[in-house]
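Here are some notes for a colleague who is opening this structure for the first time. Please keep the model in view while reading the points below.

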Amino acid sequence: MEMGQTNAKTDIIPKKSFFTEKKKEAISGYLYISPFFILFAIFGLFPILFSFYLGFQKWNGLGEMEFVGLQNFQWILTDKVFWVSLSNTLIMWILGTIPQLIIGIILAYALNSALIKMQGFFRVSVFMPYVTSTVAVAIVFGVMFNSQEFGLMNVILSWFGQDPVSWSTSWWGVKIAISSMVFWRWVGYNTIIYLAGLQAIPHELYEAAQIDGATVRQKIQYITIPMLRPIIILTVFTSTIGALQLFTEPLIFLGRTYREEGISVVLYLYREAFANLSFGPASAAAIILFIIIILLSSVNVWIANRLGR
């Protein structure tokens, strides 16, 4: 009997723990990445959802909310200043963003060439504007584009016999000044991204093209651009979003005057929310801007995706 009881006890299978080693590793991984998702939910997802909710409310930030339906959207779409801010944003996108992508590819190709000496120094120099504070950049450019005759740009214009330009009040002067800030700050960032893409292209392709007698233009057209297409799509997508969300440069350059010559869409909704305390129309403008960003980004990606085919 004792032997039988002993065998019965040894045949009992131990109960498996619910937390296996695989589950423990998975839980540990989720705990490590959870701070990002918690912070994103608090400071990213919640404000987005709350803005969509506020777009249909009338609220000054303190009192009770009042549901007004589509009145905020109707008011925004009939406001002349909103359309001016949208046209300003698109013009500054054309003047500041599109050239930086083209110049970025040219600079990256030059920095990747064996003809350029001290490549490390030039790469760091090109990237320096990106790590510079946006406020400092706007202040420096504000001094350069001073409307007085002793302003740097006006002095340069005087060398060519041109009259001084009121950069802070003229219709095109404001846009050119702000677009110059955007171009100077972001061209180096896109150059480094293109440079990384160029260095990933196998050198054997260029050697084979050289043997076949391909010219430099043909190498760029049939090798460089097609191989860089994913990088070009990425930079076009991010640059478009960044250009449509332009805020810091016009705010510092114009101050709190919110002049129509240089007001952007984001500066417009900032004025509505924190100057006029109209959070409903500001949220409606943000929703409209969200839709515009999706449409323009889709068009730009479609165009960039056709490059090199």
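1. The model is a predicted one, and a good place to begin is a contact between two helices, in which Pro99, Gln100, Leu101, Ile103, Gly104, Ile105, Leu107, Ala108, Tyr109 and Leu111 of helix 5 meet Val182, Phe183, Trp186, Val187, Asn190, Thr191, Tyr194, Leu195 and Leu198 of helix 9. Sorted by kind, the residues of this contact are 15 nonpolar and 4 polar, with no charged residue present.

2. As for the geometry of the pair, helix 5 spans residues 98–111 and helix 9 spans residues 171–199, and their axes come within 7 Å of each other while crossing at roughly 45 degrees. Helix 5 is therefore oblique to helix 9, and the crossing by which helix 5 passes helix 9 is right-handed.

3. The backbone deserves a careful look as well, since most residues other than glycine have a negative phi. Tyr258, which is not a glycine, nevertheless has a positive phi of about 50 degrees, and this residue is placed in the loop between helix 12 (248–254) and helix 13 (265–275). Is Tyr258 buried or exposed? With a relative accessible area of 11%, Tyr258 is buried, because the cut-off for that class is under 20%.

4. A positive phi is also found at Leu277, where the value is about 55 degrees although the residue is not a glycine. Leu277 belongs to the loop between helix 13 and helix 14 (279–305), and its relative accessibility of 44% means that Leu277 counts as partly exposed.

Definitions and conventions:
Residues are numbered from 1 along each chain as its sequence is written. This is a predicted model: local features need pLDDT of at least 70, side-chain atom pairs count only at pLDDT 80 or more; totals for chains, interfaces and linings use all residues. Side-chain values use heavy atoms; hydrogens and water are left out. Axes are lines fitted to C-alpha atoms, for helices over the stretch in contact, and angles run from 0 to 180 degrees between N-to-C directions. Helices (H or I, at least four residues) and strands (E, at least two) are DSSP runs, numbered from the N terminus. Angles under 35 degrees count as roughly parallel, over 145 as roughly antiparallel, 65 to 115 as roughly perpendicular and the rest as oblique. A crossing is left-handed if the near helix is turned anticlockwise from the far one by less than a right angle, and right-handed if clockwise. Contact means heavy atoms within 4.5 Å. Ala, Val, Leu, Ile, Met, Phe, Trp, Tyr, Cys and Pro count as nonpolar, Asp, Glu, Lys and Arg as charged, and the others, Gly among them, as polar. Buried means under 20% relative accessible area, exposed over 50%, partly exposed in between (1.4 Å probe, protein chains only).
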